[in-house]
Structures are given as structure tokens and as C-alpha cells.
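Open the model in your viewer and keep the selection panel at hand. The stops below say what to select and what is there.

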Amino acid sequence: MKKNITINLCGRLFQIDEDAYELLQQYINSLRSAFGKQEGGDEIVDDIEARIAELFDELRQQGIEAITIEHVKEIITRIGKPEELTGEEESKEENKGNNWEEQARSAGQKIYENVRERTAGKKLYRNPKDKMLAGVLSGIAVYTNTDPVIWRLLTVLFTLCYGVGLFIYIVLALVIPEAKTPEQQLQMEGKDVTPQNLADVVVENEKQPVQRRSLISLLFSFLIKIVIGFAVIISMIICFALFIGFLFTLIATVCGLVLPLNSTIPFSLSSMGLAGAWIHNPKILGIFVVAFFMVLLIPIYAITHMVLSLTHKIRPMGVAQRIIWIFLWVVAVCTAVPMGFTIAEYHNEYLYEYAESDDTTYQGVKMNKSDADFLRRGNWQVIKAEKCDHYSYFGMDCLGSDNVRFLDVYNDNCEEVFQAEQKEKVEPGVYQLTCYARAEGPGTFVYALGDEKLLQPIPVNDNEFEMGWKPITIDNIVVASDSISYGVSSDKTFTGEPCHAKWFSAMDFALTRTGELPKKK
């Protein structure tokens, strides 16, 4: 069903449908544009309008009540296009090469008008009446009013280019719907959906002989069905995973708004690493949450809609609707990803500010909370700590893993005096101590206290741009008592050597029993 419009053409009233009216209006406007530069051009256009009105009258006398787009196309063919009437084609051939911009603009306009004229009033469908595989190319040919052989040759040529043509064909076969109903077949051909036309299509379909499909066509249809079935199964799995992710995101969002900022309960802003963004720039956090919801919800909606359309419960999406949803999803992804990196930067700033803001005391030494927590968890005993800027560091370990905190002491003037040790209960015997350590300069040591004091210097870091971790081993630690102490020191009174290192680090201390106590003679 199409909407008809009543127009007044040269004092006469005519019924014309919307598509035909748009084409006629475009034709008359192009005539006025072509004849506008000539003397008496308006009179020429008026004469042409009068001729069109006469032809409309002839159609009405034949019993045609409403002018359709086919009638308008036929009249334009009889009267001629503007460039044919004004002789512009001949003049352009004579002046060829004088004005490339004018020629390019004119050629583009001609192509646009040609495409507009060919596709006016039509919808793109796969053509079931003339198909070799899925009817894609035949449907495009009907839509553009061209020969399907041209499109098939182009597809073969593109297929020879690394299979691009075949890939495009499969995508179009999945995206473009097939004209199954008589109404869709009329829309594909640009005809009016009237009872008479519908009846003609039904009769034509009944008279049309059943096509015997080739082996290639059957194999391709089978391949398409396998691809569609596989895509549906994968899509449903993805949809379920996205739905679970959406539920978790929704729960996390609600909990983040309800729970205290620094709570250690799961799904609080602090536990999710979002406290820094909430403090520094809550707008970015809000945009990220909305974009992330769109990233999850749009595929869920699209997959659900696709599955329901396959069961014929709802109509499938149109091409324009699919393009809009794809565009929105891409925008959401392009918004969420950079926002996520920004939120990560805010989180790192928050961790640093949180660690440095809360000064506390550990075994009589004033330090920040993160250093105190690290020493307390490791059961480190601080023997001496003077002129030390920090006592631990959050970075990479000797194996290159991220997010590892280790013992680290720093003073820009090499004036740090530091000694810390751990004490373990052991059985009498011979032990070996291993660890990883590094130092910016000489004068720092790893030590072990058994029956005697054993010192091992920490190797100097050769390259400041490398991690510089070196394995340290102290062998033959004889322990006759029930405990052993070990640790690190830069204290000259303990090591006997001055410290010339701006920093030194140690981690992964391990004590291993290697033998029994030597027998006394």
C-alpha cells in the first residue's frame, strides 16, 4: 500500500504516488537548472510541464487513476533528459579537458541521478526466481535494474583476489533477506502492492516451473545452513556469557554506589580499583560504566533479536537498523577502552597517594602504611633505620612478574643506614641461605647469623635500565642452637664497609638444611 498525492500540474489535478512524485519533482528541478542559463528557459520548462500534463491526461483517459513511478520513467524517456534537450552532451565533448572539476561534478550528478532513478521505490532482497546460489547477485541486479551477468562476473573476479568476492557474497547472503512473500517480491521490483499485482505474482509463482538446483547450488546452500547454525550456536554462547557479565556488572555498580569507598568487601569501589576515578573524576567513571553497559547490552539485544527472527516470532532487522546498532556498539567500544586506561592511571595515583598519605610507626621507626604493612607481614625486625626514604617497593620481581612488593631502601645521597633481619626456628645443622638482591653501588650486604656471622656483598647493578636482580647464596651456615637470623644491612658498624649505594633491594629469602653438624674430634 502506497500513499497517493494530489498535484496541480498546469491547472489540472492528478493523483500520483509518493515515489513517482519525488522522481517527477527531481526531473522538473533538473530541467529548470539546465534551462535556467538560457534565454527563455522558463518558457521552455513550462512547455515541457504542459506536455507532461497532456501525457498524464492520456493515462487518465486509459483508465489509470494514479500515476506510478513506471509511468513517470516512461514519460521521461519519451521527452528526454535535460542534457539531451539542451545539447550539453555535445558541448561537453567539444570542450572535453577544459574543466575537470565541472566534468567530475557533472559525472557524479549523472551517476547519482541514474542510481536514484534505477532504485526508486525498490527494496533490496535476494531474488528467489533467478538464483544460481542464494540469489544475492540477481537481487542486486533487480534493485539496480542491471544485468545479473555483470555482477556475477565481478564476483568471480573479486574471488580470484584472495577469495574476497566469496567472502563478500557469503556476508551479503547472511545479511540480505530473501523475497519470500508476494509483497516482498513486488517491493523488490518497485511495483505497487495492490490486490491485482499480488494476484499476478501468485499466479506467476504457480506457473513458474520448479528449478532443478545444481550440485554447486545445493552444496552452497548446505554450507550456508552450516555456517548459520554454527553462528547461531556460537552467538547464543556469547549471549549467555555477556548476560552473565552484564549481571555481574550491574551488581558491581549497585554495590559500588552503596558500599563505603575504602571497604574491602568485594564489589566495593576500592576492591574493584575504581576508587581513584571516583575521587579524581567521577564523570569519566560514569561515562565508562554507561559505555561498558552498551558494549554488553547491544550484542545481547542483537543476538536475541536474531534468534527470535529465525523462529519467525518477530521480523528480522532491516539493513539500516543493523548499521545503526553496529555504529553504536563501535562508538561504545571506542569510548570504554580509553576510559579504562584513564581509570587505571587514576587507580595507580590513588594507590600511591594512599600509601604516602598515612604515616605510621613500625618498631619505633616512622614510615608510611604500605611499608609498615610489608615489614609486618614478612615478620622483619628493624635493627637500625636512619635516613631512609622508603623501605619497600611495588614493582617487578626477578622473573619479570608484575605487582610484587619487595624490600627496598633508598637515599639519594647514599647515606641510608639500614639493617633488618628475620629469625627462624631450626634444628641444629648446616644450612644454606638463598635470595635475590641488587644494589646501585657497593657497601650493602646479605648476612646470616649462625654460630658465626657470614656476609655476602650484594652485586652492583651494571645497567640502571635493567632489573639487575642477582642470585645470592651463603653456604655452610653452621647452627648449633635452635634458631638462625638472616637479613640485609648497610650499617658500617655491622658490615665493616661504608655504604656507597643510593638504593639496594632484596627478596625471596629461602633457608635450606644441607647437612648435619660436624662431629667434634
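Begin by selecting F292 together with T249 and A336: leaving aside neighbours within four places in sequence, these two are the residues that F292 contacts. The model is a predicted one. Now colour residues 282-310, which make up helix α14, the helix that holds F292. Is F292 buried, partly exposed or exposed? F292 counts as partly exposed because its relative accessibility is 30%, and the partly exposed class runs between 20% and 50%. Add F246 to the selection and draw a distance between the C-alpha atoms: F246 and F292 are 46 residues apart along the chain, and the separation is 9.1 Å.

Zoom out to the whole chain. The secondary structure comes to 17 helices and 15 strands. The chain has 521 residues, of which 36% count as buried. About 31,600 Å² is exposed, with carbon and sulfur atoms supplying 59% of that area. Among contacts with a separation of 6 or more, 64% are between residues 24 or more positions apart.

Next, go to the start of the chain and select strands β1, β2 and β3. These three strands form an open sheet in the order β1-β2-β3, and the pairing is mixed. At the edges are β1 (4-9) and β3 (66-67), each of which pairs on one side only. Helix α1, residues 18-35, packs on this sheet and touches β1, β2 and β3; the direction of α1 makes about 115° with that of β2. Show β1 with β2 (residues 12-17): the two run antiparallel and are joined by six bridges. One pair to label is L9 and R12, where R12 is the bridge partner in β2.

Move on to residues 148-160 and 164-175, helices α8 and α9, each of which supplies at least two residues of a nonpolar patch. Show the side chains of I150, L154, V156, L157, F158, L160, Y162, V164, F167, I168 and V171: together they form this patch on the surface, with about 1,200 Å² of accessible area. Which helix supplies the largest share of the patch? That helix is α8, with six residues. L157 is located in α8.

Then select β6, β9, β14, β11 and β12. The five strands form an open sheet in the order β6-β9-β14-β11-β12, with antiparallel pairing. The edge strands, each pairing on one side only, are β6 (381-386) and β12 (453-457). From one strand to the next, the twist averages 15°. At the β12 end, β11 (residues 445-449) and β12 run antiparallel and are joined by five bridges. Label A448 and its bridge partner in β12, L454.

The last stop is strand β10, residues 429-439. Why is β10 described as largely enclosed by the rest of the structure? Eight of its eleven residues are buried, so the description follows from that count; buried here means under 20% relative accessible area. Add β13 (residues 470-479), which runs antiparallel to β10 and is joined to it by eight bridges. In this pairing, L433 stands opposite I474 of β13. Add β15 (residues 503-515) as well: β15 and β10 run antiparallel, with nine bridges between them. Here Q432 stands opposite T512 of β15. When viewing side chains along a strand, bear in mind that in a regular strand they alternate between the two faces of the sheet.

Definitions and conventions:
Residues are numbered from 1 along each chain as its sequence is written. This is a predicted model: local features need pLDDT of at least 70, side-chain atom pairs count only at pLDDT 80 or more; totals for chains, interfaces and linings use all residues. Side-chain values use heavy atoms; hydrogens and water are left out. Buried means under 20% relative accessible area, exposed over 50%, partly exposed in between (1.4 Å probe, protein chains only). Helices (H or I, at least four residues) and strands (E, at least two) are DSSP runs, numbered from the N terminus. Two strands pair if DSSP finds at least two bridges between them. Axes are lines fitted to C-alpha atoms, for helices over the stretch in contact, and angles run from 0 to 180 degrees between N-to-C directions. Patches are made of residues with over 30% relative accessible area and no salt bridge: like charges are joined within 9 Å, nonpolar side chains (Val, Leu, Ile, Met, Phe, Trp, Tyr) within 5 Å. Accessible areas come from the Shrake-Rupley method with a 1.4 Å probe; for residues, only the protein chains shown count as cover. A salt bridge is a side-chain nitrogen of Lys or Arg within 4 Å of a carboxyl oxygen of Asp or Glu. Contact means heavy atoms within 4.5 Å.
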